[in-house]
Amino acid sequence: MTLSLLYSRQAARSIAKKLAPTQTRLLASGDVTTLQPSSSRVTYNNIQPPNRRFIHSSSSTSPRQSTKAPQQFSPFQHRSRMLSTKPLSPDNSNMASVTPTPSDPQQFMHTTGASDAVWTHLHPYSANPTFPSLSKDLSTDICIIGAGISGIQTAYELVRRGKQVVMLEAREVLSGESGRTSGHLNNDLDDGYIEISKKHGEKGAKLAAESHAWARDRIGEISKELGIECEYRKLPAYDVSQYPRGTKEWQDEEKELKEEADLQAKLGIESHYDPNLTVKGWTGKIDQRGGMVVGNQATFHPTKYLAGVLKWLKEQPNFQCYTGTRVMDVHEKGIEVLGLGHKSVEIKTEAGHTVKAEYAVEATAIPLQKLSIITELEYYRSYCIAIRVPKGSVEDCLLYDNAEEYKYVRLTACDEKDDYMVVGGCDHKVGQEETTTRYGELEQWTRERFPQAGKVDYAWSGQIFEPVDYMAFIGKNQGCNKIYIITGDSGDGLTHGTLAGRLIADEIDGVPNEWESLYNPKRVGSIVKVLPSLVSHDLQINTQYKRFLQTDITDIEDLKPGCGGVLNTNPATQKPVAVYKDDNGKVHKYSAICPHLKGVVCWNAAEKSFDCPVHGSRFSKEGICVDGPAKANLSPFDEAAEKAQQGMTAWAE
Ligand SMILES: Cc1cc2nc3c(=O)[nH]c(=O)nc-3n(C[C@H](O)[C@H](O)[C@H](O)COP(=O)(O)OP(=O)(O)OC[C@H]3O[C@@H](n4cnc5c(N)ncnc54)[C@H](O)[C@@H]3O)c2cc1C
């Protein structure tokens, strides 16, 4: 039986969970009423989504203006390429037009979905540094697998300390979640310190606050040191209730926000509760004033920053990077007992090359071993839109509401006239719900609060990994002495990945680090506290195997060009087929069985991918693995599928 987690980031952050046992809707009057689950929300396997809010209209409360001075961006070069997107209709019926259909056949080598994140606006994929693929065997001090923020920050810390580092990346650099993030750098953590301290005690919560603060500042220091122009700046974070001011639910949430603010202050975070908090630019009728104010948070342009660090690394004699180099196996070799003998690590690539190293770091978002820590994680999709707002019309801040699936907001540069407001949220379990309605929900939420919002230019989604006890797993993998892992971002993976760099470099150097026990993948205390939930999550995961008895499409003829689905018309053979009909109407067939633990994948229409509902592995429409824990691709079942896969990987040869 596979064990995984149960607690979601939303479950922890929210208060709402306790307050909203059934779905709620804010009415025009500002009243709150309970509703039956929406029949319009499509889920796979008849599993209803968790509690969530449906906001249809606004309260009549008068608009408020912030007293805080708006922060302006410096002017940025406007990139000329714009996506051809249309504004959404109120019923989201033209939602599909927001998700671009890129003509680039290498799209899934650049990024983990069919859509592009807003970061490509000022930093296209072509601006990333390039590296060759590995064509020989190598030896090194440390081999880092994965070129996202975790791998790059770890490489930076180790290279600075004089270590020989080899980095291996399956696709292109920044092709994982680091290119699809929303870019908050905070120690106002998603899970909330009330929940974190229940699992890790106040001492653990303080270490969490301090380590994420260090990571937030470290990115600022490095960007300054290396001269990287990446919009890095400090700004406040605001946490507001999901309910309209004055309702009983609002009052209850405000009370909890106050408690959270008091605890944060005790832990050394610049946090306080302000009953009259307003946000400049929130002039829509929905009034959720009041909330927690957390000072000294930060944000940046993630891909500009990481490309800058990679450029610096590329110039260092003790750093090598190989892209298009998929790792298939990492294992320890040798025996070491009580300081006698010697253990090292061997890393095998798909192309058959071997890297020998003293240590390996799996910075692959999800570890490469079949069982291990992946059973203590839960896998979510999270959605974002980038919507134009006139420059200076919205306060430059981080904003979160407190809903079960909360919304989050930040600004990034667009052009001389506008900024982009990045609005994210609407998370759901991978492969278990319909994917195309979320952008409309985010847009509606934004327009109801920020009427000055203009056109949606970017809409994308990404993967979040929720650890059972809210803290990432960073350190030696279970059962290993020389293999480190970095996983379980909990929605705070930019800071988790950055602090991982220091923690792992310290461990390898034998420097004591007080964060070690909090993030140790071998920890048991906090995991034991959530065992009942682990079991319930495990049961939910196991129900996903019933897809062996289901079919999503009954006839390939019914598929429109550019769409996919799983055909399983003869469950007795247990050979469900993942079918993709390309834009020219050509059909490609793959095995629908995930190579990890044999779940049956589902079609993700928003990202044109096949997603596994069991442990969240994802595959491009060509069957290429883009999110682990799977390492291998979906097996092609016909010539068209085989050719499509070969075309995707040929660039690396
Ligand atoms: C929509 C969204 C919003 C988010 N917002 C925030 C936020 O505001 N703040 C925050 O702190 N966090 C946020 N996160 C989380 C954060 O972006 C991620 O946790 C973080 O980017 C993960 O970085 P990583 O380096 O660990 O993984 P990735 O960036 O995914 O990098 C892993 C790399 O490993 C490679 N790889 C995988 N398998 C192999 C293999 N077998 N061989 C070789 N290479 C391999 C992949 O191709 C990939 O390039 C958000 C995430 C999403 C999806």
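**View 1. Contacts across the whole chain.** Of the contacts in the chain with a separation of 6 or more, 72% are accounted for by residues 24 or more positions apart. What you see here is a predicted model. The chain has 653 residues, and buried residues make up 57% of them. If you trace the chain from end to end, you will pass 13 helices and 27 strands.

**View 2. The residues around the ligand.** A shell of 42 residues surrounds the ligand, and Gly146, Gly148, Gly176, Gly462 and Gly493 are the ones that come nearest. By character, the shell divides into 13 nonpolar, 21 polar and eight charged residues. At least two shell residues come from each of α4 (149-160), β14 (377-390), β18 (456-467) and α9 (493-509). Which helix gives the most to this shell? That is α9, with four residues.

**View 3. Two nonpolar cores.** The largest nonpolar core holds 135 residues; those that touch the most other members are Cys143, Ile145, Ala155, Ala360, Val361, Ile385 and Met421. Helix α5 (residues 193-225) gives the most to this core, with 10 residues. Another core, of 28 residues, lies apart from it and includes Ala592, Val601, Trp603 and Val626. For a closer look at one residue, take isoleucine 385: leaving aside its neighbours within four places in sequence, it is in contact with Val423, Tyr439, Leu442, Glu443, Val456, Tyr458 and Ala459.

**View 4. Strands β11, β12 and β13, joined by hairpins.** Strand β11 (residues 327-337) and strand β12 (residues 340-349) run antiparallel and are joined by 10 bridges. One place to spot this pairing is valine 327, which stands opposite threonine 349 in β12. The two strands form a hairpin with two residues between them, and leucine 338 in the turn has a positive phi of about 45 degrees. Moving on, β12 is joined to strand β13 (residues 354-362) by four bridges, again in an antiparallel run. Here isoleucine 347 has valine 355 in β13 as its bridge partner. The hairpin of β12 and β13 has four residues between the strands, with glycine 352 taking a positive phi near 95 degrees.

**View 5. Glutamate 346 and its surroundings.** Glutamate 346 is found in strand β12. Is this residue buried, exposed or partly exposed? Glutamate 346 has 16 C-beta neighbours inside 10 Å, so it counts as partly exposed. Not counting residues up to four places away in sequence, glutamate 346 touches His331, Lys333, Thr354 and Lys356. Lysine 333 is 13 residues apart from glutamate 346 in sequence, while the two are 6.9 Å apart in space, C-alpha to C-alpha.

**View 6. An open sheet of three strands.** The strands follow the order β21-β22-β23 and pair in the antiparallel sense. Because β21 (563-567) and β23 (587-591) stand at the edges with a single partner strand each, one side of each is left without a neighbour in the sheet. On average, neighbouring strands of this sheet are turned by 20 degrees against each other, direction ignored. Five bridges hold the antiparallel pairing of β21 with strand β22 (residues 577-581). Among the paired residues, leucine 567 has valine 577 in β22 as its bridge partner.

**View 7. An open sheet of four strands.** In this sheet the order is β24-β25-β26-β27, and the pairing is antiparallel. The edges belong to β24 (602-604) and β27 (625-627); each has a single partner strand, so one side of each is left without a neighbour in the sheet. From one strand to the next, the twist averages 35 degrees. Strand β25 (residues 609-611) pairs with β24 in the antiparallel sense over three bridges, and cysteine 602 has aspartate 611 in β25 as its bridge partner.

**View 8. Unusual backbone spots in three loops.** Glycine 628 and proline 629 are joined by a cis peptide bond, with omega about 15 degrees. Proline 629 has its place in the loop between β27 and α13 (639-649). In the loop between β5 (165-168) and β6 (184-185) you will find leucine 174, which has a positive phi of about 65 degrees although it is not a glycine. Leucine 174 counts as buried because it has 26 C-beta neighbours inside 10 Å. Tyrosine 470, in the loop between β18 and β19 (473-476), is not a glycine either, yet has a positive phi of about 80 degrees. With 31 C-beta neighbours inside 10 Å, tyrosine 470 counts as buried.

Notes. Residues are numbered from 1 along each chain as its sequence is written. This is a predicted model: local features need pLDDT of at least 70, side-chain atom pairs count only at pLDDT 80 or more; totals for chains, interfaces and linings use all residues. Two strands pair if DSSP finds at least two bridges between them. Axes are lines fitted to C-alpha atoms, for helices over the stretch in contact, and angles run from 0 to 180 degrees between N-to-C directions. A residue is near a molecule or strand if its C-beta atom, placed from the backbone, lies within 6 Å of it. Ala, Val, Leu, Ile, Met, Phe, Trp, Tyr, Cys and Pro count as nonpolar, Asp, Glu, Lys and Arg as charged, and the others, Gly among them, as polar. A nonpolar core is a set of buried Ala, Val, Leu, Ile, Met, Phe, Trp, Tyr and Cys residues joined through C-beta atoms within 7 Å. A residue is buried if 20 or more other C-beta atoms lie within 10 Å of its own, exposed if 12 or fewer, and partly exposed in between; C-beta atoms are placed from the backbone. Two residues are in contact if their C-beta atoms, placed from the backbone, lie within 7 Å.
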